[in-house]
Amino acid sequence: MSWFVYILECNDGTLYTGITNDITKRIAKHNSGKGAKYTEVRLPVKLKIKFQANDRSEASKLEYKIKQLSRHEKLKLIEDDKNT
């Protein structure tokens, strides 16, 4: 089973990072207001980027690294992905 690390853009322009093993279902859950306390008041959310990981452990480690990045660094990561 593959796991994903994703970055969402919330309606207020903020970014949210999370992990899941079903990206489509997870984004739908966020947009239903039941995905995370942070996103439930910032709807709708849009997927900006996702990364595939081999297992939950790898996904969690990558999520942690991404959460340590500044907003500017996260936006650069998203922009660089668009250009490849």
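**Close-up views of a predicted model**

**View 1. H30 in helix α1.** H30 is found in helix α1, which covers residues 23-31. The model shown here and in the other views is predicted. With a relative accessible area of 0%, H30 is buried, because the cut-off for that class is under 20%. Leaving aside residues up to four places away in sequence, H30 touches Y6, L8, Y16, G35, A36, T39, L43 and V45. One of these contacts, Y16, belongs to the residues of β2 that are buried.

**View 2. The hairpin of β1 and β2.** Strand β1, residues 3-9, pairs with β2 in the antiparallel sense, and six bridges join the two. Five residues lie between the strands of this hairpin. Among the residues of the hairpin, G13 takes a positive phi near 90°. E9 stands opposite L15 in β2.

**View 3. The two sides of strand β2.** Six of the six residues of β2 are buried, and the strand is mostly covered. L15, T17 and I19 point one way from the strand. Y16, G18 and T20 point the other way. Residues on both sides are buried.

**View 4. T17 and its surroundings.** T17 lies in strand β2, which spans residues 15-20. Its relative accessible area is 4%, so T17 counts as buried. Residues up to four places away in sequence are not counted among its contacts, and those that T17 touches are V5, Y6, I7, E63, I66, K67 and K74. T17 points the same way from β2 as L15 and I19.

**View 5. R56 in helix α3.** R56 is placed in helix α3, residues 56-67. A relative accessible area of 48% makes R56 partly exposed, because residues count as exposed over 50%. R56 touches W3 and I19, with residues up to four places away in sequence not counted. I19 is one of the buried residues of β2. Between the C-alpha atoms of R56 and I7 the separation is 16 Å, and the two residues are 49 apart along the chain.

**View 6. D80 in helix α4.** Helix α4 takes in residues 71-82, and D80 is found there. D80 has 35% relative accessibility and therefore counts as partly exposed. The C-alpha atoms of D80 and I7 are separated by 14 Å, with their positions 73 residues apart along the chain.

**View 7. The whole chain, for orientation.** The secondary structure comes to four helices and three strands. From the N terminus on, the order of elements is β-β-α-α-β-α-α. The radius of gyration is 12 Å, which agrees with the value near 12 Å for a compact globule of 84 residues. Along the principal axes, the C-alpha atoms fill a box of roughly 30 × 30 × 25 Å. Of the 84 residues, 36% are buried. Among contacts between residues at least 6 apart in sequence, 55% join residues at least 24 apart. The protein exposes about 5,500 Å², and carbon and sulfur atoms supply 50% of that area. There are 17 positive and 11 negative charges, and their mean positions are 5 Å apart.

Conventions:
Residues are numbered from 1 along each chain as its sequence is written. This is a predicted model: local features need pLDDT of at least 70, side-chain atom pairs count only at pLDDT 80 or more; totals for chains, interfaces and linings use all residues. Side-chain values use heavy atoms; hydrogens and water are left out. Buried means under 20% relative accessible area, exposed over 50%, partly exposed in between (1.4 Å probe, protein chains only). Contact means heavy atoms within 4.5 Å. The radius of gyration is taken over C-alpha atoms; the globule rule is 2.2 Å times the number of residues to the power 0.38. Accessible areas come from the Shrake-Rupley method with a 1.4 Å probe; for residues, only the protein chains shown count as cover. Lys and Arg count as positive and Asp and Glu as negative; His and the chain ends are not counted. The place of a charge is taken as NZ of Lys, CZ of Arg, CG of Asp or CD of Glu. Two strands pair if DSSP finds at least two bridges between them.
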